[in-house]
Amino acid sequence: MEKLDTMMLADDLALSQDKILNGEQDFDAEAVYKVIDNLGVLNNPIKDYFDMTEEEYYEAESDHKLTLIKMADKLTDLHDRILTNHVDGYVDKDEINLTYNHENPYEDDFYDPATDYRVIVYSLKVIGAVQSIAAKDLQEVLAKDAVLSVGLAAYALAHNA
């Protein structure tokens with residue numbers, strides 16, 4: 001069931017994008033948090049990371065894809081995001097490759113919710129596609145920083161919109 005939840009949430013968010021970004025519809029961060037927790041990639045529930053500093057996360061769990069430079073700041077203040085943007089490889093040969101790129105929803109120090117929204121929707125679509133055919137392999141290849149980024153994007157949307 002969780003495999004379908006990721007894809008369904010990504011599809012629902014894609015369909016609701018304009019209404020959510022225009023404030024006509026509420027953004028359900030809890031649904032995103034639930035999907036993240038169900039992935040089983042992070043060591044803790046996503047909400048545990050919101051009070052954590054960059055240094056605490058760096059020392060305990062980061063796979064060093066995020067740009068962590070203000071180590072005393074909380075993760076929720078982080079401007080870097082890792083977007084999961086592509087998958088390739090061979091499932092039957094246990095070769096799944098995910099590619100990532102950096103996104104900054106605070107370009108020029110102004111928050112752009114559309115960037116965080118894109119991080120969530122696009123990442124969940126790619127993650128959901130892999131999850132539907134190779135859920136166990138996904139846990140091994142998906143970057144923790146990328147999963148954290150989806151959570152941070154959802155947190156920012158819920159608190160800045």
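This text leads through a predicted model, from its nonpolar core to its helix packing and then to individual residues.

The largest nonpolar core holds 46 residues, and the members that touch the most others are L13, F27, V32 and I120. Six elements each supply at least two residues of this core: the helices α1 (2–21), α2 (29–39), α4 (113–141) and α5 (144–160), together with the strands β1 (81–90) and β2 (95–103). The largest share comes from α4, with 10 residues.

F27 shows how parts of the chain that are distant in sequence meet in this core. Leaving aside neighbours within four places in sequence, F27 is in contact with L13, I20, V32, Y117, I120, A154, L157 and A158. Among these partners, L13, V32 and I120 are themselves named with F27 as the core members touching the most others.

The packing of the helices can be followed pair by pair. Two packed helices are described by the angle between their axes and the distance between the axes. For α4 and α5, the angle is about 140 degrees and the axes are 9 Å apart. At this angle α4 is oblique to α5, since the class of roughly antiparallel begins only over 145 degrees. The crossing of α4 past α5 is left-handed. On the α4 side the contact comprises P113, D116, Y117, V119, I120, S123 and L124, and these residues meet S149, V150, A153, A154, A156 and L157 of α5. Sorted by class, this contact has 10 nonpolar, 2 polar and 1 charged residues.

Helix α5 also packs against α2. Their axes come within 9 Å and cross at roughly 165 degrees. The two helices are therefore roughly antiparallel to each other, and their crossing is left-handed. From α2, the residues A29, V32, Y33, I36 and L39 meet V147, V150, G151, A154, Y155 and A158 of α5. By class there are 10 nonpolar residues and 1 polar residue in this contact, with no charged residues. V150 and A154 of α5 take part here, and both also belong to the contact with α4.

The remaining pair is α2 and α4, whose axes lie 11 Å apart at an angle of about 25 degrees. That angle makes α2 roughly parallel to α4. Here, too, the crossing is left-handed. V32, V35 and L39 of α2 make the contact with I120, L124, I127, Q131, L138 and Q139 of α4. Its composition by class is 7 nonpolar and 2 polar residues, with no charged residues. V32 and L39 of α2 thus appear in this contact as well as in the one with α5.

Individual positions add detail to this picture. T84 is placed in strand β1 and is buried, with a relative accessible area of 0%. Not counting residues up to four places away in sequence, T84 touches L98, T99, Y100, Y122, S123, V126, I127, L142 and A146. One of these partners, L142, lies in the loop between α4 and α5. Although located in a loop, L142 is buried, because its relative accessible area of 5% falls under the 20% limit. Beyond its neighbours within four places in sequence, L142 is in contact with L39, V41, T84, L98, Y100, I127 and V147. By contrast, A14 lies 22 Å from L142, C-alpha to C-alpha, with their positions 128 residues apart in sequence.

A114 is found in helix α4 and is partly exposed, at a relative accessible area of 27%. The C-alpha atoms of A114 and I20 are separated by 9.8 Å, while the two residues are 94 residues apart along the chain.

The loop between β2 and α4 contains both D108 and D109. D108 has a positive phi of about 55 degrees although it is not a glycine. D109, likewise a residue other than glycine, has a positive phi near 65 degrees. Both residues count as exposed: D108 has 65% relative accessibility, and D109 has 67%.

Terms used: Residues are numbered from 1 along each chain as its sequence is written. This is a predicted model: local features need pLDDT of at least 70, side-chain atom pairs count only at pLDDT 80 or more; totals for chains, interfaces and linings use all residues. Side-chain values use heavy atoms; hydrogens and water are left out. A nonpolar core is a set of buried Ala, Val, Leu, Ile, Met, Phe, Trp, Tyr and Cys residues joined through side-chain atoms within 4.5 Å. Buried means under 20% relative accessible area, exposed over 50%, partly exposed in between (1.4 Å probe, protein chains only). Helices (H or I, at least four residues) and strands (E, at least two) are DSSP runs, numbered from the N terminus. Contact means heavy atoms within 4.5 Å. Axes are lines fitted to C-alpha atoms, for helices over the stretch in contact, and angles run from 0 to 180 degrees between N-to-C directions. Angles under 35 degrees count as roughly parallel, over 145 as roughly antiparallel, 65 to 115 as roughly perpendicular and the rest as oblique. A crossing is left-handed if the near helix is turned anticlockwise from the far one by less than a right angle, and right-handed if clockwise. Ala, Val, Leu, Ile, Met, Phe, Trp, Tyr, Cys and Pro count as nonpolar, Asp, Glu, Lys and Arg as charged, and the others, Gly among them, as polar.
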